[in-house]
Amino acid sequence: KPVAIRVFNKEINSMPLLGKFSKGQGGLRCEVISLKHTYPQGGEKQLIKNILKKEVPSGKLPFQIGVLVQNVATVFAIYEAVYKNKALYERVVTVSGDCLANPKNILVRLGTPIKQLIEFCSPLEKNPAKIIIGGPMMGIAQFSPMVPVIKTTSAVILLSNEQLEAFREDVCIRCAECVRNCPVYLQPCLISLAVERRNWELAKTYSPMDCIECGLCAYLCPAKRNLVQSIKLAKQEALK
């Protein structure tokens, strides 16, 4: 976001109260920090580590180490609640995908069926084979276009058959790609193997609750294993 970085730096430099603390002076400490292009960079634990050089321990939350992370949409909602006395009843949703002729960013009321968003971006150039709410890596496929927009809905993606890679899940070849690239240092392959055997106690020992479900392990897996789904299942069993 080079344009956003320039805009924020310009605003900060023009407002002394937003500058860094000087000895004996007040004001808010506000600083723009640019990070390398890497995935997943937007996760709060990854941001805390890369910006503040602090690590959130397993099973802990950021506030327990003195950090609070807010995304832009949340900060804007807080601003509207405080300054405009406005409840959170709408949000911006990106509607995109190769099926759409007119992808858009739309300000949408919560509760609106995603079918209406798709119709608003019509005509369809292709019939969608899969509708995903969320991003291409972390999004969840939907069973119906009547699913409503909720406060966490960020995007709706319509994918055609051409965009969906047909694959067959194969056996784990122990390449360790998922282990090398996991941003929270888990062993997704071992969690998956434990889940396959319905050995929930063994799966729990690999800390599935620390998974942020970024999808990187499944994306990189040469055997096309459903690693994220397995970890989600292990999480559900761990909570029982």
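Which residues of strand 5 are buried on one side, and which on the other? The first close-up takes up this question, and the views after it move on through the rest of this predicted model.

**View 1. Strand 5 is covered on both of its faces.** On one side sit A155, I157 and L159, on the other V156 and L158, and all of these residues are buried. Five of the five residues of strand 5 are buried, so the strand is largely enclosed by the rest of the structure. Strand 5 covers residues 155-159, which makes it easy to pick out along the chain.

**View 2. Five strands make an open sheet with mixed pairing.** Reading across the sheet, the order is 2-1-5-3-4. At the edges stand strand 2 (104-109) and strand 4 (140-141); each has a single partner strand, so one side of each is left without a neighbour in the sheet. As a reminder, strands of a sheet pair through backbone hydrogen bonds, either parallel or antiparallel. Both senses can be followed from strand 5, as the next view shows.

**View 3. Strand 5 pairs with strand 3 in the antiparallel sense and with strand 1 in the parallel sense.** The pairing with strand 3 (residues 130-133) runs over four bridges. Here, look for I131 opposite L158, and for I133, whose bridge partner in strand 5 is V156. Strand 1 (residues 90-96) joins strand 5 over three bridges. On that side, S96 has I157 as its bridge partner.

**View 4. Helix 3 is capped by N71 at its N-terminal end.** A side-chain oxygen of N71 lies 3.1 Å from the backbone nitrogen of A73. Helix 3 itself spans residues 72-83, twelve residues in all, and reaches 16 Å from its first C-alpha to its last, close to the 16 Å expected at 1.5 Å a residue. Just after the helix comes N85, with a positive phi of about 55°.

**View 5. E80 of helix 3 is in contact with N85 and K86.** Those two contacts are what remains once neighbours within four places in sequence are left aside. E80 is buried, and its relative accessible area is 12%. K86, in the loop between helix 3 and strand 1, also counts as buried, at 18% relative accessibility; the cut-off for this class is under 20%. Not counting residues up to four places away in sequence, K86 touches E80 and A81. Follow the side chain of K86 and you will also find a polar contact of 2.6 Å with the side chain of E90.

**View 6. Helix 6 and helix 9 cross at roughly 65°.** The axes of helix 6 (residues 188-196) and helix 9 (residues 227-238) come within 9 Å, and the crossing is left-handed. Where do the two helices meet? Helix 6 contributes P188, C189, I191, S192 and V195, while helix 9 contributes L227, S230, I231, L233 and A234.

**View 7. Helix 6 is mostly covered, with seven of its nine residues buried.** The buried residues are P188, C189, I191, S192, L193, A194 and V195. They pack against helix 5 (177-181), helix 7 (200-205), helix 8 (216-220) and helix 9. After helix 6 comes R198, whose phi is positive, near 55°.

**View 8. Two peptide bonds leading into prolines, Y39 to P40 and S122 to P123, are cis.** For the bond from Y39 to P40, omega is near -5°; P40 belongs to the loop between helix 1 (2-14) and helix 2 (44-52). For the bond from S122 to P123, omega is near 10°, and P123 is placed in the loop between helix 4 (114-120) and strand 3.

**View 9. K53 and K224 are lysines with positive phi.** K53 has phi near 60° and sits in the loop between helix 2 and helix 3. K53 is exposed, with a relative accessible area of 67%. K224, in the loop between helix 8 and helix 9, has phi near 55°. At 25% relative accessibility, K224 counts as partly exposed.

Notes: Residues numbered from 1 in each chain as written. Predicted model: local features only at pLDDT ≥ 70, side-chain atom pairs only at ≥ 80, totals over all residues. Heavy atoms only, no water. Expected span 1.5 Å × (residues − 1). Polar contact = N/O pair within 3.5 Å; in protein donor to acceptor, adjacent residues only side chain to side chain. Pairing = 2+ DSSP bridges. Buried < 20%, exposed > 50% of the residue type's maximum accessible area, 1.4 Å probe, protein only. Contact = heavy atoms within 4.5 Å. Axes fitted to C-alpha atoms, helices over the stretch in contact; angles between N-to-C directions. Left-handed = near helix turned anticlockwise from the far one by under 90°.
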